[in-house]
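Please consider the structure shown below. The explanation after it follows one helix and the chain just beyond that helix.

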Amino acid sequence: MSLAAVVRATVVPKVPRVRKAVLTLTPSAIDRLRALTEGPDPKVVRVGIRTKGCSGQQYDLQYTTKKERFDEEVKQDGVTVLVDNKALLSVLGSEMDYVEDKLSAQFVFNNPNVKESCGCGQSFMT
């Protein structure tokens with residue numbers, strides 16, 4: 001007794017994959033970034049990660065005038081932020097906010113990838 005198999009091709013329509021945003025900016029972060037980067041010589045803020053702190057990683061914000069080869073560019077409401085390629089997996093899906101209170105003014109990252117953070121909130125682990 002022999003068994004036969006028939007192969008039929010089914011056409012599955014290509015659905016574009018929804019790409020998760022690398023980084024989103026809140027309105028207060030956009031306002032602060034716009035104020036920091038405007039001026040006679042244009043500059044951009046690059047978000048990176050460096051090894052430091054109690055939990056192992058810390059955000060590193062630097063001014064730059066050029067995009068590196070593998071930097072991810074985030075444009076929102078006329079503001080451009082670069083994300084360092086080494087920080088992409090740690091930052092993916094995060095929200096960057098700017099918070100001012102009586103004692104401090106700082107950028108705050110609401111990051112869904114964080115598994116652990118230190119008590120002072122300055123470092124994290126993904």
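The following paragraphs treat the helix, its surroundings and two residues in turn.

The model is predicted. Helix α1 spans residues 27–37, and its buried residues are Ala29, Ile30, Leu33 and Thr37. These residues lie on the same side of α1, because they cover an arc of only 100 degrees around the axis. A general property of helices is relevant here: an α-helix has 3.6 residues a turn, so residues three or four places apart point the same way. On the other side of α1, Pro27 and Ala35 are exposed.

The buried residues of α1 are covered by elements that include the strands β1 (23–25), β2 (44–51) and β4 (72–76). Also among the covering elements are β5 (79–83), β6 (94–100) and β7 (105–110).

Threonine 37 belongs to helix α1. With a relative accessible area of 18%, threonine 37 is buried, because buried means under 20%. Its side chain reaches the backbone oxygen of leucine 33 at 2.8 Å. Not counting residues up to four places away in sequence, threonine 37 touches Pro42, Lys43, Val44 and Val45.

Just after α1, glycine 39 adopts a positive phi of about 150 degrees. Lysine 43 is located in the loop between α1 and β2. At 26% relative accessibility, this lysine counts as partly exposed. Apart from neighbours within four places in sequence, lysine 43 is in contact with Leu36, Thr37, Tyr63 and Thr64. Lysine 43 and valine 81 are 38 residues apart along the chain, and their C-alpha atoms are separated by 9.9 Å.

Conventions
Residues numbered from 1 in each chain as written. Predicted model: local features only at pLDDT ≥ 70, side-chain atom pairs only at ≥ 80, totals over all residues. Heavy atoms only, no water. Buried < 20%, exposed > 50% of the residue type's maximum accessible area, 1.4 Å probe, protein only. Helix = DSSP H or I, 4+ residues; strand = E, 2+ residues; numbered from the N terminus. Arc of directions from axis to C-beta. Contact = heavy atoms within 4.5 Å. Polar contact = N/O pair within 3.5 Å; in protein donor to acceptor, adjacent residues only side chain to side chain.
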